[in-house]
Amino acid sequence: MDSPFYTLHRGTLPLLVSFPHAGTQIPDALAARMTPEALQLADVDWHLPQLYAFAKEMGASLLGACFARHVIDLNRPPEGTSLYPGQDVTGLLPLDTFRKQPLYRPGQTPVAAEAEERRGRYWQPYHDALRAELDRLRAAHGSVVLWDAHSIASRLPRFFDGKLPDMNLGTADGRSCAPHLQAAVEAVLGQQSAFTHVSNGRFKGGHITRHYGAPKNGVHALQLEMCQSTYMDETAPFAYRPDLAAQAQPLLRNMLDAVLKARAG
């Protein structure tokens, strides 16, 4: 099931994999107002639906954004409050790139009314689809796992020092899922040495993880922020690297298998 704003594959497992930052579209009228740096789309979570294609084969539901985060950020609260108070972050309606380059040409910065219009046009349909699919799966299975999939350049001085760990698990400091589900994923990460990892480090989960994660109500939400160096080239044109992806995918699959078994246990 697709719309102009998202693609949705409805699966049979109690698992929804969400890709809120994998979209690459920018409306022509908006693109005309943006800088060349913005249109390079360096901040996209490139190729994640391709990386997670195995999840569809497993039977998971997959929900992916069509529009780029420069249009509006689907993983930010609708009121625009900061997820990490006191830290440098990008907002609901980003004005600059992760490298602090302006997104808009001089005199083209959006005004508040435009931000509200974009929230209704682009943000709301994705979240309506996300909620509806979670409700469908929870009704069928009693509880559901929401896996919010993200990726980011491994070195971004604006947000963190040095190189980020390869795999960054976020559960809102343990509030967005039952403890045994987090422990199951951590056990998989701990049993391998090819990828560095951390839980609830710099990335604890964005709005989707924090808002929808309600373990007492049968929704267990976990975010995985991966270094893009684990599966793609981090410089333009941001090519997918099947050789690297083939090493990361078994670990991703093992994590999804583990969290599903923990949910059923």
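## Buried rings, paired charges and unusual backbone angles

Phe160 has a relative accessible area of 8%, so this residue counts as buried, since the limit for that word is under 20%. The structure in which Phe160 sits is a predicted model, and the description below starts from this ring and moves outward to its surroundings.

### Aromatic pairs

The model holds 9 aromatic pairs. One of these is formed by Trp46 and Phe238, whose rings are stacked, with 5.7 Å from centre to centre and 15° between the planes. Because Trp46 belongs to the loop between helix 2 (36–39) and helix 3 (48–51), while Phe238 belongs to the loop between strand 7 and helix 8, the pair ties together parts that are 192 residues apart in sequence. Trp46 and Phe238 are both buried.

Phe160 takes part in another aromatic pair, this time with Phe203, and here the arrangement is edge-to-face, with 6.2 Å from centre to centre and 75° between the planes. This pair also links distant parts of the chain, since Phe160 lies in the loop between strand 4 (144–152) and strand 5, whereas Phe203 lies in the loop between strand 6 and helix 7, 43 residues apart. Phe203 is buried, with a relative accessible area of 9%. The ring of Phe203 has a further partner, for the charged end of Arg202 sits over this ring at 5.1 Å from its centre. Elsewhere, Phe5, Phe67 and Tyr122 form one aromatic cluster.

### Nonpolar cores

In soluble globular proteins, nonpolar side chains tend to be buried together. The largest nonpolar core of this model has 77 residues, and the members that touch the most others are Val17, Leu51, Tyr52, Trp147, Met226 and Met255. Helix 8 gives the most to this core, contributing 10 residues. What does Val17 touch, if residues up to four places away in sequence are not counted? Its contacts are Tyr52, Ala55, Ala60, Ser61, Leu62, Leu63, Trp147 and Ala149. Apart from the largest core lies another one, of 11 residues, which includes Phe98, Ala153, Leu156 and also Phe160.

### Salt bridges

Side chains of opposite charge can pair when their charged atoms come close. The count for this model is 17 salt bridges, and the table lists some of them with the distance between the closest N and O atoms.

| Acidic residue | Basic residue | Closest N and O atoms |
|---|---|---|
| Glu116 | Arg119 | 3.4 Å |
| Asp173 | Lys204 | 3.2 Å |
| Asp243 | Arg241 | 2.8 Å |

Glu116 and Arg119 both belong to helix 5 (residues 112–141), where they are 3 residues apart, or about one turn of the helix. Are these two partners buried or exposed, or something in between? Glu116 is partly exposed, with a relative accessible area of 46%, whereas Arg119 counts as buried at 18% relative accessibility.

The salt bridge of Asp173 with Lys204 links distant parts of the chain, because Asp173 is in the loop between strand 5 and helix 6 while Lys204 is in the loop between strand 6 and helix 7, 31 residues apart. Asp173 is partly exposed, with a relative accessible area of 44%, and Lys204 also counts as partly exposed, at 24% relative accessibility.

In the salt bridge of Arg241 with Asp243, Arg241 counts as partly exposed at 27% relative accessibility, and Asp243 is partly exposed with a relative accessible area of 41%. Salt bridges can also join into a network, as they do for Asp45, Arg69, Asp73 and Arg76.

### The backbone in three loops

Asp173 returns here for its backbone, since its phi is near 55°, a positive value in a residue other than glycine. This residue lies in the loop between strand 5 (167–170) and helix 6 (179–190). Asn200 has a positive phi too, near 50°, and is likewise a residue other than glycine. The place of Asn200 is the loop between strand 6 (197–199) and helix 7 (207–212), and at 13% relative accessibility Asn200 counts as buried.

Where in the chain is Pro237 found? Pro237 belongs to the loop between strand 7 (219–227) and helix 8 (242–264). The peptide bond that leads from Ala236 to Pro237 is cis, with omega near 10°.

Note on methods: Residues numbered from 1 in each chain as written. Predicted model: local features only at pLDDT ≥ 70, side-chain atom pairs only at ≥ 80, totals over all residues. Heavy atoms only, no water. Helix = DSSP H or I, 4+ residues; strand = E, 2+ residues; numbered from the N terminus. Buried < 20%, exposed > 50% of the residue type's maximum accessible area, 1.4 Å probe, protein only. Salt bridge = Lys/Arg side-chain N within 4 Å of Asp/Glu carboxyl O. Phe/Tyr/Trp six-rings, centres within 6.5 Å; stacked < 30°, edge-to-face > 60°. Lys NZ or Arg CZ within 6 Å of the ring centre and 35° of its normal. Core = buried A, V, L, I, M, F, W, Y, C linked by side-chain atoms within 4.5 Å. Contact = heavy atoms within 4.5 Å.
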